[in-house]
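Reader: I should like to learn how to read a protein structure. Might we take one example and go through it step by step?

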Amino acid sequence: MNKNFTFIHIGKCGGSSISYLLKKNNFNFNAIHIRREKYKSCKKYLIALRNPVERFVSAFYWRKHLVSTSQKNRFHGEYEFFQKYSTIESLIQDDITILKKQYVHHLKEDIHYYLGDFFNQCDPSNIIGIVCTENLNKDIENIFDIKVGGVHKNNNSKRKKEFKEEYREFLKKYLQKDYLIIEKLNNLKLLSMEQYEILSK
């Protein structure tokens, strides 16, 4: 396994945990986060992915927590946004398209943001692997042949809220571009059957 590669760290996909595990096992890599990577044929790539709805929910409640505690003024309008929309349901019931005007960190930088243009050029042979948040330890072990224990650097699960299935279906439609990326990765045979089932639901 080539220990030199670029890691495309899509926000709220377990990237901090993945980076921790790789550094701990002496892998030398360059992480791309909160910016797009321009594909280069001379590079190898590792990608962190997550079910788009789960990623959206995690990003929403993680930003809500940080904005209410330590990052009130980091991005213009975020604090007021979360004062008005305390849950995803309230956002959907009002008008989710407000997100096209109001910047919310990690919601704007979705899966399509990172990979939409990238996979119009990328040769699948340059992808060393894809790690799913939901299957993180197993995927790391399969790709890098290293044993890892349970680790999650930024666990946001206690801040997530359950929501009705009808809202999940709404978000699936809203996040259609993210789901099209997953379909593309599956067609390129970059996902295992297990990964595809997790990511596409």
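Reader: Which unit do E1, helix H1 and E2 make?

Author: Please bear in mind that this is a predicted model. E1, helix H1 (residues 15–24) and E2 make a β-α-β unit, and this unit is right-handed.

Reader: In which sense do E1 and E2 pair, and over how many bridges?

Author: Strands of a sheet pair through backbone hydrogen bonds, in either a parallel or an antiparallel manner. Here strand E1 (residues 4–8) and strand E2 (residues 28–32) pair in the parallel sense, over five bridges. One position to look for is Phe5, whose bridge partner in E2 is Phe29.

Reader: How is E1 paired with strand E3?

Author: E1 and strand E3 (residues 45–49) pair in the parallel sense over three bridges. On this side, Ile8 stands opposite Ile47 in E3.

Reader: In what order do the four strands form the sheet?

Author: The order is E2-E1-E3-E4, the sheet is open, and the pairing is parallel. E2 and strand E4 (127–132) each have a single partner strand, so one side of each is left without a neighbour in the sheet. On average, neighbouring strands of this sheet are turned by 20° against each other, direction ignored.

Reader: Which strands does helix H6 touch?

Author: Helix H6 (residues 136–144) packs on the sheet and touches E1, E3 and E4. The direction of H6 makes about 165° with that of E4.

Reader: Let us turn to empty space. What volume does the largest pocket have?

Author: Rolling a probe the size of a water molecule over the atoms shows where empty space is left. In this model, the largest pocket has a volume of about 510 Å³. It is lined by 20 residues, and the closest to its centre are Lys100, Lys108, Asp110, Tyr174 and Lys177. Helix H2 (52–69), helix H5 (111–115) and helix H8 (176–187) are the elements that give two or more residues to this lining.

Reader: How do the residues of the lining divide into nonpolar, polar and charged?

Author: The lining of the largest pocket has eight nonpolar, four polar and eight charged residues.

How values were computed
Residues are numbered from 1 along each chain as its sequence is written. This is a predicted model: local features need pLDDT of at least 70, side-chain atom pairs count only at pLDDT 80 or more; totals for chains, interfaces and linings use all residues. Side-chain values use heavy atoms; hydrogens and water are left out. Two strands pair if DSSP finds at least two bridges between them. A crossover is right-handed if, with the strands pointing away from the viewer, the path from the first strand over the helix to the second runs clockwise. On a 1 Å grid over the protein atoms alone, a cavity is a set of points where a 1.4 Å probe fits but cannot get out, and a pocket is an open set with protein on both sides within 12 Å along at least five of seven lines; lining residues have an atom within 4 Å of a point. Grid points are joined across faces, edges and corners, and a volume is the space filled by probe spheres set on the points. Ala, Val, Leu, Ile, Met, Phe, Trp, Tyr, Cys and Pro count as nonpolar, Asp, Glu, Lys and Arg as charged, and the others, Gly among them, as polar. Axes are lines fitted to C-alpha atoms, for helices over the stretch in contact, and angles run from 0 to 180 degrees between N-to-C directions. Contact means heavy atoms within 4.5 Å.
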